[in-house]
Amino acid sequence: MADQDAGVDAAESQPKQSRAGRNLPAAIAVGVVLAGLLVYTLLFAPRFWVLILAVAAPVATHEITRRLREVGYDLPFIPLALGGQAMLWLSLPFGARGVLGAFGATVVIAMIWRLVGQGLDHTPVNYLRDMSAMILIAVWVPLCMSFAALLVYRDDGPGRVLCLLFPVVFSDIGGYAVGVLFGKHPMAPAISPKKSWEGLAGSLVFGVAAAVFAVTVFLGRPWWVGLPLGLLLVVTGVFGDLIESQVKRDLGIKDMGRLLPGHGGIMDRLDALLPSAVVTWVVLTVLR
């Protein structure tokens, strides 16, 4: 009986978990703080948006490289971290050309670094596998993140960033709420069992509505611009999440890190935003 009481006490002492397997109060609190920080930055010091990205990039990069090292990959962190900083900061004076040049230099340096890391008298093991992973990380984190930096440099830059954040965040909220309340048909059970087609419908409704609101209020553009933007951001957001879920499934882990209570690591919060930043930059550049 004492053992049963101890088990009950231990269970009651654990944080309340949502149906998504998260500590929901902690996740909400962290989300509100992060949202407040980002909105304040965009309203009063928009160029600090790049500084926030520059801080997040090496943290997210380290989370992925650390997890891959745990299963045997040999991934030097330094060239990826420095290359990521170059992509972000060179976007300020040189725009997309600076990002592309820094990305190319990062790949070249990473290839050489991995080749000679143990000396030229040693034959590298799994060189192709490790280089493929390094290039994936360089694209996934700093290159995609650089498109988020490019958004803020225009006169209406803060509004452009909000056109990225609003649809992605509300798509996530809509997908979670509708999925929890009505989700019965799994969308990708082999990758992410908790995602449902009902949740995807909720993401579409909330995400497209948020995009229409954002482009009209923050940019003063026609409402219809929000339709392709919202639709594409829902797609990239959902698949960005699925891509990270598959990577974590390959690695046998639940989260990339533990930095954010209720969320996991920085990368666990950026999975939908990173590919969406590229789409937002393209759509808002083409549909003027």
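Select C163 to begin: in this predicted model, its relative accessibility is 0%, so C163 counts as buried. Next, click on C144. At 12% relative accessibility, C144 counts as buried too, because the cut-off for that label is under 20%. If you are wondering about cysteine cross-links, how many disulfides does the structure hold? The count is 0.

**Along helix α6**

Now highlight residues 157–182, which make up helix α6, and pick out S171 within that helix. Is S171 buried or exposed? With a relative accessible area of 7%, S171 is buried. To see what surrounds it, show the residues in contact with S171 while leaving aside its neighbours within four places in sequence: you should find S203, F206, G207 and V234.

**The aromatic rings**

Switch on the side chains of the aromatic residues. The structure holds 6 aromatic pairs. A pair of aromatic rings is described by two things, the distance of the centres and the angle of the planes, and you can look at both in the viewer.

Start with Y40 and F44. Their ring centres are 4.9 Å apart and their planes meet at 45 degrees, which makes this a tilted pair. Where do Y40 and F44 lie? Both belong to helix α2, residues 24–44, and they are 4 residues apart, or about one turn of the helix. Turn on the surface here and you will find Y40 exposed, and F44 exposed as well.

From there, move to F166 and F218. This pair is edge-to-face, with 5.1 Å from centre to centre and 70 degrees between the planes. Which parts of the chain does the pair tie together? F166 sits in helix α6 and F218 in helix α7 (residues 197–218), so the contact joins parts that are 52 residues apart in sequence. F166 is partly exposed, with a relative accessible area of 22%. F218 also counts as partly exposed, at 28% relative accessibility.

Keep those two selected and add F170 and F213. Together, F166, F170, F213 and F218 form one aromatic cluster.

One more ring deserves a stop: select Y73 along with R129. R129 lies over the face of Y73, at 4.3 Å from the ring centre.

**The annotated segments**

Colour residues 24–42, 98–116, 128–153, 159–179, 200–219 and 225–243 next. The unreviewed UniProt entry places the feature "transmembrane region" at these positions. Two of the stretches are worth viewing on their own.

- Residues 98–116: the chain is 100% helix and 0% strand here, and the end C-alpha atoms are 27 Å apart.
- Residues 200–219: this stretch is 95% helix and 0% strand, with its end C-alpha atoms 27 Å apart.

**Zooming out**

Finally, show the whole chain as a cartoon. You can count 10 helices and 2 strands, and reading along the sequence gives the pattern α-α-α-α-α-α-β-β-α-α-α-α. Of the 288 residues of the chain, 45% count as buried. Among contacts in the chain with a separation of 6 or more, 69% come from residues 24 or more positions apart. Switch to a surface view for the last stop: the accessible surface of the chain is about 14800 Å², and 71% of that surface belongs to carbon and sulfur atoms.

Conventions: Residues numbered from 1 in each chain as written. Predicted model: local features only at pLDDT ≥ 70, side-chain atom pairs only at ≥ 80, totals over all residues. Heavy atoms only, no water. Disulfide = S-S within 2.5 Å. Buried < 20%, exposed > 50% of the residue type's maximum accessible area, 1.4 Å probe, protein only. Contact = heavy atoms within 4.5 Å. Phe/Tyr/Trp six-rings, centres within 6.5 Å; stacked < 30°, edge-to-face > 60°. Lys NZ or Arg CZ within 6 Å of the ring centre and 35° of its normal. UniProt positions renumbered as here; feature names shortened; annotations may be inferred. Areas by Shrake-Rupley, 256 points an atom, 1.4 Å probe, with all protein chains shown as cover.
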